[in-house]
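This report goes through a single protein chain, from its overall dimensions down to selected residues.

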Amino acid sequence: MDQLEKSLSRFSALSREMRLQMLLNYSKKFPELPAELETARDQGMNRVEECQTPLFLWTGLDQGKVSIHAWAPPEAPTVRGFVGFLIEQLNGSDPADVADLPMDTLERMGLSEVLGVMRTNGLSHVLIRIRTEAARLRDQA
């Protein structure tokens, strides 16, 4: 998780405008949802209900390491950017490390001062969902 700490520090060191630009960059790199999860998404499974944007999130294991998949509409660059950042940072990590993901990640990225209360509330629930699922996976191992 040292890489995550470095990435959080780099993010927060940016100007307000550059933080938003970084989110947009992560949004553009947002990975496609694997075809085998599209039906589940279409049936409304794994939606993060607390997020105003339709966001669907899966956290699982791939060879004992965390694997996160998500879908959000292209017209939601902030959500896609934040989740894309988490996917890049957390995929391939140990479940125990992901379960301990800092709840103040948004603040440490400097995003709570850039985004509105409703958006930060929804994104905080993304963190909660990922942490909870990682803890479940850790405990099953």
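The sections below cover the basis of the model, the overall fold, one helix pair, the hairpin and a few loop and helix residues.

## Basis of the model

The model is predicted: local features need pLDDT of at least 70, side-chain atom pairs count only at pLDDT 80 or more, and totals for chains, interfaces and linings use all residues. Residues are numbered from 1 along each chain as its sequence is written, and side-chain values use heavy atoms, with hydrogens and water left out.

## Overall fold

The chain contains seven helices and two strands. Helices are DSSP runs of H or I with at least four residues, strands are runs of E with at least two, and both are numbered from the N terminus. In sequence order the elements read α-α-α-β-β-α-α-α-α.

The C-alpha trace spans about 40 × 30 × 25 Å along its principal axes. For 141 residues, a compact globule would have a radius of gyration near 14 Å, and the chain agrees with this at 14 Å. The radius is taken over C-alpha atoms, and the globule rule is 2.2 Å times the number of residues to the power 0.38. Of the 141 residues, 45% count as buried; buried means under 20% relative accessible area, exposed means over 50%, and partly exposed lies in between, with a 1.4 Å probe and protein chains only. Among contacts with a separation of 6 or more, 67% come from residues 24 or more positions apart, where contact means heavy atoms within 4.5 Å.

## Helices α1 and α4

Two packed helices are described by the angle between their axes and the distance between the axes. For helix α1 (residues 2–13) and helix α4 (residues 77–90), the axes come within 10 Å and cross at roughly 150°. Axes are lines fitted to C-alpha atoms, for helices over the stretch in contact, and angles run from 0 to 180 degrees between N-to-C directions. The crossing of α1 and α4 is right-handed: a crossing is left-handed if the near helix is turned anticlockwise from the far one by less than a right angle, and right-handed if clockwise.

On the α1 side, the contact is formed by Gln3, Leu4, Ser7, Leu8 and Phe11, which meet Phe85, Gln89 and Leu90 in α4. These residues divide into five nonpolar, three polar and no charged. Ala, Val, Leu, Ile, Met, Phe, Trp, Tyr, Cys and Pro count as nonpolar, Asp, Glu, Lys and Arg as charged, and the others, Gly among them, as polar.

## The hairpin

Strand β1 (residues 56–62) and strand β2 (residues 65–71) run antiparallel and are joined by seven bridges; two strands pair if DSSP finds at least two bridges between them. Gly60 stands opposite Ser67 in β2.

Two residues lie between the strands of this hairpin. One residue of the loop between β1 and β2 is Gln63, a residue other than glycine with a positive phi near 55°. Gln63 counts as exposed because its relative accessibility is 79%.

## Loop residues

The loop between α3 and β1 holds Asn46, another residue other than glycine with a positive phi, here near 65°. At 31% relative accessibility, Asn46 is partly exposed. Thr53 is also placed in the loop between α3 (35–42) and β1, but Thr53 counts as buried at 17%. Leaving out residues up to four places away in sequence, Thr53 touches Arg47, Pro73, Ala76 and Val79.

Pro73 belongs to the loop between β2 and α4 and is buried, with a relative accessible area of 8%. Beyond neighbours within four places in sequence, Pro73 is in contact with Thr53, Pro54 and Arg80. Leu33, in the loop between α2 (16–28) and α3, is buried at 7% relative accessibility. The C-alpha atoms of Leu33 and Ala70 are separated by 6.2 Å, with their positions 37 residues apart along the chain. Ala70 is one of the residues that Leu33 touches, together with Glu38, Arg41, Trp58, His69 and Trp71, not counting residues up to four places away in sequence.

## A residue of helix α7

Val117 is part of helix α7 (residues 117–140). With a relative accessibility of 69%, Val117 counts as exposed. Its C-alpha atom is 16 Å from that of Leu20, and the two residues are 97 residues apart in sequence.
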